[in-house]
Amino acid sequence: MANFEGLNSITLNPGMASQNLFALSSVLVGDELPPLTSGRMRLYNMIFCPFAHRSILYISKKKLPVEVIDVNLMEKPDWFVQRNPLGKVPMIEHDGKVVYESLIVNEYLDELFPETAILPTDPYERAQQKILVERLSSVTGVFFAFMMNKDGDYTQAIESMEKALENAECLLVDEFYGDKTTGYADIDVWPIFERFPIITLNPKFGVKKIPGIKYPKVSTYIKRMKKQPEIQAVMKPVELHENFFKSAWIEKNPDYNLGI
Amino acid sequence: MANFEGLNSITLNPGDELPPLASGRMRLYNMMFCPFAHRSVLYISKKKLPVEVINVNLMEKPDWFVQRNPLGKVPMIEHDGKVVFESLIVNEYLDELFPETAILPTDPYERAQQKILVERLSSVTAAFFAFMMNKDGDYKQAKDGMKKALENAESLLVDDFYGDIAVWPIFERFPIITLNPKFGVKKFPGIKYPKLSAYIKRMKKQPEIKAVMKPIELHEKFLKSAWIEKNPDYNLGI
């Protein structure tokens, strides 16, 4: 995508020699952070993080020129934690200013670049988009219930998933949650919908289809979303998402550079 | 407080009629002891907005309440057929409607920093509820959580105020834990947190806080009625 620089760049670890592009599992001490030019904007990312994905989508839709630094979140470089003591992505940096938390980053970008604003300008419509994000948050909860499950019994996760999908189905009153075009709430929830099909790839979860025939609006919505240019530009195949989650949650050894 | 109408009015129950809302008037759906609704009460207090208040029974929710907010939560703002809920969304909405009394900064970076601060202070809220919702009578983990949250809050306090009132409702209620020996906490916040201690004293003098503040014993009675007796007394103190 033309506006991004480094979107699928090698993940920087604390200490990995930046020239050594293929030594992905070398021991890591003091990876040098490239300097950030004045006026340039940088996004600290992790290639498979669904929360950072929200800001990637925002930047993708707004077509902002941004350089991306991918960070090792298991072993966080010093320069990363110095900028964000919470040690989380996404994080935006420009001219000595740092902003983090995906929803705060996204709204900040709209305030800096109002000409490409995704959030509505009307206060009531803005509030409704933010309320939608809150009301759709059960979708995210459910996805992680499957991924973080420890006892192999997915009954509760499946029940929660049905509830979350019913809720998402009834909240979808137009083509998008943002009405006629992808909006703040669509971008917030898409990263999870993109990853959800992982659940159908492994029989252990006991889920054959997602979202399934009970949710025709959400099913159509997902097909429609996949055609949106800002989504397509940064979308990853489900198998790649699945491989990452396996490496992170089961093998406890996240492979941040999958697919590069 | 001059701008509020009905802030300490009798709680409405299912079957109680909802008074009509005149066009152009703003209404806050509240619960007298809810710390989240308290955030919006403080915002309205500081902005001096003319608002009528309806206090709602949250154990048995009236139909007219759930119709307006399927999540059934307070605070909720209503005016001219529009409904907004979730305390932080309500507060930002009020600033957008009434920018002349804005509490959030206008500069995008400063706004973002205020929101990040609220996020970073959220462990104080979680620490308080860990005490209130404790079931096994062992408060060791709750105390550990509180210690971490207070250390964090102390280090984040770099000026006279945080700038946001979102965390005040919990600081107003936290001292409850010193009233009952079972919690094993004698002082709040305690001498290890001098900045926080000074901050709490300073906050209690702010007009918008004082105007709606409740005595700690009243908070304690309510929380007992709600969490222990499972029979919240919504009209305490009226």
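Visitor: In which sense do S2(B) and strand S3 (residues 51-55) of chain B pair, and over how many bridges?
Guide: This is a predicted model, in which local features need pLDDT of at least 70 and side-chain atom pairs count only at pLDDT 80 or more, while totals for chains, interfaces and linings use all residues. Residues are numbered from 1 along each chain as its sequence is written, chains are lettered from A in the order in which they are written, and side-chain values use heavy atoms, without hydrogens and water. Strands (E, at least two residues) and helices (H or I, at least four) are DSSP runs numbered from the N terminus, and two strands pair if DSSP finds at least two bridges between them. S2(B) and S3(B) pair in the parallel sense, over five bridges.

Visitor: Which residue in S3(B) is the bridge partner of B:Arg27?
Guide: S2(B), helix H1 (residues 35-47) of chain B and S3(B) make a right-handed β-α-β unit. Right-handed here means that, with the strands pointing away from the viewer, the path from the first strand over the helix to the second runs clockwise. In S3(B), B:Arg27 has as its bridge partner B:Glu52.

Visitor: Which residue of S4(B) does B:Tyr29 stand opposite?
Guide: S2(B) also pairs with strand S4 (residues 76-79) of chain B, in the antiparallel sense over three bridges. In S4(B), the residue opposite B:Tyr29 is B:Met76.

Visitor: How many residues of strand S2 (residues 26-30) of chain B are buried?
Guide: Buried means under 20% relative accessible area, exposed over 50% and partly exposed in between, with a 1.4 Å probe and protein chains only. B:Met26, B:Leu28 and B:Asn30 point one way from S2(B), B:Arg27 and B:Tyr29 point the other way, and all are buried. The strand is mostly covered, and its buried residues number five of five.

Visitor: Which helix of chain A gives the most to the largest nonpolar core?
Guide: A nonpolar core is a set of buried Ala, Val, Leu, Ile, Met, Phe, Trp, Tyr and Cys residues joined through side-chain atoms within 4.5 Å. The largest has 83 residues, and A:Phe146, A:Tyr177 and A:Phe193 have the most contacts inside it. With seven residues, the leading contributor is helix H7 (residues 184-195).

Visitor: What is the radius of gyration of chain B?
Guide: The radius is taken over C-alpha atoms, and the globule rule is 2.2 Å times the number of residues to the power 0.38. For 238 residues, a compact globule would have a radius near 18 Å, so chain B agrees with its value of 18 Å.
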